[in-house]
Amino acid sequence: MERKILHVDMDAFFASVEQLDHPKLRGKPVIVGGSSDRGVVATCSYEARKFGVHSAQPTFMAKKLCPDAIFVRGDHHRYSEVSKQVFEILFGICDKVQVVSIDEAYLDVTDLFYSPMYIAKHIKKRVLDEIGLTLSVGISYNKFLAKIASDWNKPAGIKEITREMIPEILVPLPVRKVHGLGKKSVEKLNKIGIYTIGDMLNYDKEFFDTYLGKMGSEVYDRINGIDNREVSPESGGRKSIGTETTLSKDLDNVEDLKPYLSKFAKKIEEILEAKHISAKTVTIKLKTFDFIQHTRSKTLSSYVYKSSDVESVAHDLLDDFGLNTAIRLIGLTVSNFEDRQQEQLNLFDDLMNFL
Ligand code: TTP
Ligand code: MG
């Protein structure tokens, strides 16, 4: 039987929460991110997007494009809290919910009585009525296409991609829309004149295997409408959660590197919070200027999810590394997950109320 998969993604998530909490920001171009010229945009409201502002754009450029934009520093704890409320609604509707980031989740609604379109409208209405935020939903028969669909009519859109629409609907899309293709692969494809999925469809599986390596054949399947990945509820099937960055210039001072680990720890907390899981192992990754990679891990005696806990272990690992050379890339991951018990959740909520 054909599966029915939904991909739910909040619209301009951090910026929408700011507009929800601060009515004077509604209808205005709002940018979440540091306002210093060296910062980057985390996200921005759709009012700011009209000016060409987008996530990961350097702040100085965003200011040039939209001089009237209102900058907000952001409140990650608040975003996690709202995210949790949204996912609670989803968990109440369906057993098979896979949270993939702070503002997106897949649902496998194959076994539900109602049609996917009805469920999508229901989710949209409940999140708007009960929380006050808009989201977009993609409907299709696999995860890849559901994700493409949720992006189709943003904001507040619902789009269904059926089997009959393949491949036509994919043909005009830029290659960066293919889940699994990183920035490097996109550049590699562009270099040989492949810009759209339509261009990609001129090549066979062997080509992607050789040209893109590991992900090649999976990417080939996806653009041909095949994606057998299951919606897996627990920890999303991921063995680790983390992030890394290539530094704009090599750094050899531990104190200069620590702020990166702190920033990564915040991101990790958001995801752990959204997934209701904790982790036991913290790993830092360092790549030296000459591309030699080092990792250092620590497995703790108890599970953690707070950024302050992850951060302090990461900082200790970096101190213990004994850095004596310049670093070009730094990363932080956590692994060894456990679903968080309801008791622990309550404890956390009590603690937050108390603070
Ligand atoms: P996204 O869902 O990618 O973006 P969005 O919800 O802001 O906008 P859209 O309507 O296009 O879905 O990311 C969710 C949140 O994650 C976003 O609100 C802020 C954060 N984020 C960053 O901090 N940095 C980034 O580069 C991106 C892409 C997102
Ligand atoms: Mg979003």
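Which helices do the buried residues of α10 pack against? In this predicted model, the buried residues of α10 pack against three helices, namely α6 (143-150), α8 (197-200) and α9 (205-212).

Helix α10 itself covers residues 216-223, and within it Gly216, Val219, Arg222 and Ile223 are buried. When one looks down the axis of α10, its buried residues fall within an arc of 125°, so they line one face of the helix. After α10 comes glycine 225, whose phi is positive, near 80°.

A further part of the structure is a sheet. Strands of a sheet pair through backbone hydrogen bonds, and this pairing can be either parallel or antiparallel. Here the sheet is open, has four strands in the order β9-β12-β10-β11, and shows antiparallel pairing. Its edge strands are β9 and β11, each of which pairs on one side only, and neighbouring strands of the sheet are turned by 15° against each other on average, with direction ignored.

The strands β10 and β12 run antiparallel and are joined by eleven bridges; as one example of a bridge partner, alanine 279 is matched with phenylalanine 337 in β12. Helix α11, which spans residues 254-275, lies across β9, β10, β11 and β12, and runs at about 30° to β12.

The residue ranges of the four strands are listed here.

| Strand | Residues |
|---|---|
| β9 | residues 240-251 |
| β10 | residues 277-288 |
| β11 | residues 293-304 |
| β12 | residues 327-339 |

Conventions: Residues numbered from 1 in each chain as written. Chains lettered and ligands numbered in written order. Predicted model: local features only at pLDDT ≥ 70, side-chain atom pairs only at ≥ 80, totals over all residues. Heavy atoms only, no water. Pairing = 2+ DSSP bridges. Helix = DSSP H or I, 4+ residues; strand = E, 2+ residues; numbered from the N terminus. Axes fitted to C-alpha atoms, helices over the stretch in contact; angles between N-to-C directions. Contact = heavy atoms within 4.5 Å. Buried < 20%, exposed > 50% of the residue type's maximum accessible area, 1.4 Å probe, protein only. Arc of directions from axis to C-beta.
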